[in-house]
Amino acid sequence: MKKYIIIILCSIISIISSLTYSENVFLTDSKNLIGILLTLLGLCFTSFSFISTSINDILKKSNKGNDKKLRVKLNKLLDSIQKDILLILYATIILIVFNTIYYLDFPLLKNPINVDFGLLEISSLKIFILNFIISFIFCLSIYSLYDLVKASFILLRKCY
């Protein structure tokens with residue numbers, strides 16, 4: 001249920017940011033977002049080494065009886081951290097690809113301009129779709145960063 005709520009919230013934020021006509025909207029500026037995600041990726045690798053040493057410390061301090069349950073929990077936490085880091089890596093790669101597509105003009109593909117739905121008008125369908133994908137991917141990677149920070153705090157609590 002939590003994943004669905006996150007996906008719905010990311011979709012709503014992405015639609016709102018894609019409907020803006022300004023080029024200065026942060027969530028649709030793929031050039032800056034790529035640099036931010038690469039920085040986050042470096043921080044994630046650094047934090048992963050911190051987290052793995054914390055896990056080793058926890059396992060050394062644990063009692064023999066609770067060792068199996070604790071190992072299962074810590075392995076689950078490590079898997080979650082690994083998935084979050086890979087999500088940020090894949091998000092960076094996808095943003096680089098979509099940034100390239102953003103500036104390409106494909107022959108024989110017509111870009112509908114000024115699409116009017118009554119309530120709202122989309123100036124360019126191609127730019128709307130690309131902006132939606134870019135902002136959606138960035139929102140998901142921000143959530144995975146939140147998940148990484150949350151896991152780090154959980155480990156810190158157990159370690160000390």
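Let me start with the aromatic pairs, of which a search of the whole structure finds two, where rings of Phe, Tyr and Trp (its six-membered ring) pair if their centres lie within 6.5 Å, and planes under 30 degrees apart count as stacked, over 60 as edge-to-face and the rest as tilted. The first one to look at is F132 with F136, a stacked pair at 5.9 Å centre to centre with 15° between the planes. Please keep in mind that this is a predicted model, in which local features need pLDDT of at least 70 and side-chain atom pairs count only at pLDDT 80 or more, while totals for chains, interfaces and linings use all residues. Residues are numbered from 1 along each chain as its sequence is written, and side-chain values use heavy atoms, with hydrogens and water left out.

Both F132 and F136 lie in helix α4 (residues 125–159), four residues apart, about one turn of the helix; helices here are DSSP runs of H or I of at least four residues, numbered from the N terminus. As for accessibility, buried means under 20% relative accessible area, exposed over 50%, and partly exposed in between, with a 1.4 Å probe and protein chains only. F136 is buried because its relative accessible area is 18%, whereas F132, at 23%, counts as partly exposed.

The other pair, Y143 with Y146, is tilted, with 5.8 Å centre to centre and 40° between the planes. These two also lie in helix α4, three residues apart, about one turn of the helix. Y143 has a relative accessibility of 24% and so counts as partly exposed, and Y146 is partly exposed as well, at 46%.

Y143 brings me to the largest pocket, since Y143 is among the residues nearest its centre, together with K3, S80, D84 and D147, in a lining of 16 residues. A pocket, on a 1 Å grid over the protein atoms alone, is an open set of points where a 1.4 Å probe fits, with protein on both sides within 12 Å along at least five of seven lines, and lining residues have an atom within 4 Å of a point. The space in this pocket is about 510 Å³, the volume being that filled by probe spheres set on the points, which are joined across faces, edges and corners. Helices α1 (2–19), α3 (67–102) and α4 each supply at least two lining residues, and α4 gives the most, with seven.
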